[in-house]
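Colleague: Could you take me slowly through one part of this model, the place where two helices pack together, and then show me what surrounds that place in the rest of the chain? I am in my first year, so please join the steps into one connected account.

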Amino acid sequence: KALGLSTYPRFNSPEEIGDALVDVGFNLVSLANNHTLDKGEQGIINSNQYWKTKDVMVSGTYDSFEEQNKINIKTKNNISYNLLSYTTGTNGLTVPHGKEYLVNIYSDEKVKEDIEKVRNQVDVIMVSMHWGNEYEHTPNDEQKRIANYLAELGVNIVIGHHPHVVQPIEFIDDTLVIYSLGNFISAQIGLNKLVGMLVSVDIIKRDINNSIIIDLENVKSELIYTSYNNFRDFKVIPY
């Protein structure tokens, strides 16, 4: 709030948005998206300071190269996991030279380096991708190319967003690719933008002949609808 709340085209939300996300149960947070630089370097610093007060895994923005290169691993039910986050664009805003750590801009080289660094240390790698064309229900060629590349690198789950509308889910070999969840909650106008998707999957860890195998089973999706009245009284309603 110190930098002033603002709406389109350069957004700034109050910390209470984060409080609400955590209260509802989110424990993985991606901060790399096309609006990450909307309030410049100070906006990212303030955001990072806030998220460091929460017991969640955060990825995508950092205060230094040292922080950016640090491997963050958590374990649940004896399954270790990591979240990596990238955005393919920042709405034309440029990262200050020498401070590329501020936000993870996607490149094949950076992703390969990050994944190779963590691949042998965790059971499950999740990659959050801010990509694609807004308001298109079909993934574009670059999304498909990146998805195949991530699958080749051994990523287990790809979680996509940015189009603001729902896009398909598919498996590329053993990699689950969710091209776009659409909006979870928004004040956008138009039915396609008010419909989002929740996805669940069971992550199964098996030890077969002293080799760890990760299986993704029971993939399910549920559509949700955002209802609001005159930009108030927001409700997220499962279909």
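Modeller: Before we look at the pair, one convention is needed: angles under 35 degrees count as roughly parallel, over 145 as roughly antiparallel, 65 to 115 as roughly perpendicular, and the rest as oblique. Please also keep in mind that this is a predicted model.

The two helices are α4, which covers residues 108–118, and α5, which covers residues 141–152. They pack at an angle of about 25°, and their axes lie 11 Å apart. Because angles under 35 degrees count as roughly parallel, α4 and α5 are therefore roughly parallel to each other. The sense of their crossing is right-handed. If you look for the residues that make this contact, you will find Asp108, Val111, Lys112 and Ile115 on the side of α4, and these meet Arg145, Tyr149 and Leu150 of α5. Sorted by class, the contact of α4 with α5 holds four nonpolar and three charged residues, with no polar residue.

Helix α4 also has strands beneath your eye when you turn the model, since α4 lies across β4 (79–87) and β5 (124–130). Relative to β4, the helix runs at about 170°, and an angle over 145 counts as roughly antiparallel.

Those two strands belong to an open sheet of six strands, whose order is β3-β4-β5-β6-β8-β7 and whose pairing is mixed. At its edges stand β3 (74–76) and β7 (169–172), each of which pairs on one side only. On average, neighbouring strands of this sheet are turned by 25° against each other, with direction ignored. In general, the strands of a sheet pair through backbone hydrogen bonds, either parallel or antiparallel. A parallel case in this sheet is that of β6 (residues 157–161) and β8 (residues 175–178), which pair over three bridges; to find one place in this part of the sheet, start at Val158, whose bridge partner in β8 is Val177.

Elsewhere in the chain there is another open sheet, made of three strands in the order β9-β10-β11, and here the pairing is antiparallel. Its edge strands are β9 (195–208) and β11 (232–238), each pairing on one side only, and its neighbouring strands are turned by 30° against each other on average, direction ignored. Between β9 and β10 (residues 211–229) there are 13 bridges, and Gly196 has Ile224 in β10 as its bridge partner. These two strands form a hairpin with two residues between them, and Asn209 in the turn has a positive phi of about 55°. Five bridges then join β10 to β11, with Ser227 bridged to Lys235 in β11; this hairpin too has two residues between its strands, and Asn230 takes a positive phi near 55°.

Stepping back to the whole, the chain has six helices and 11 strands, and its C-alpha atoms fill a box of roughly 60 × 45 × 35 Å along the principal axes. For 239 residues, a compact globule would have a radius of gyration near 18 Å, and the chain, with 18 Å, agrees with that.

How values were computed
Residues numbered from 1 in each chain as written. Predicted model: local features only at pLDDT ≥ 70, side-chain atom pairs only at ≥ 80, totals over all residues. Heavy atoms only, no water. Pairing = 2+ DSSP bridges. Helix = DSSP H or I, 4+ residues; strand = E, 2+ residues; numbered from the N terminus. Axes fitted to C-alpha atoms, helices over the stretch in contact; angles between N-to-C directions. Contact = heavy atoms within 4.5 Å. Left-handed = near helix turned anticlockwise from the far one by under 90°. Nonpolar A, V, L, I, M, F, W, Y, C, P; charged D, E, K, R; others polar. Rg over C-alpha atoms; globule rule 2.2 N^0.38 Å.
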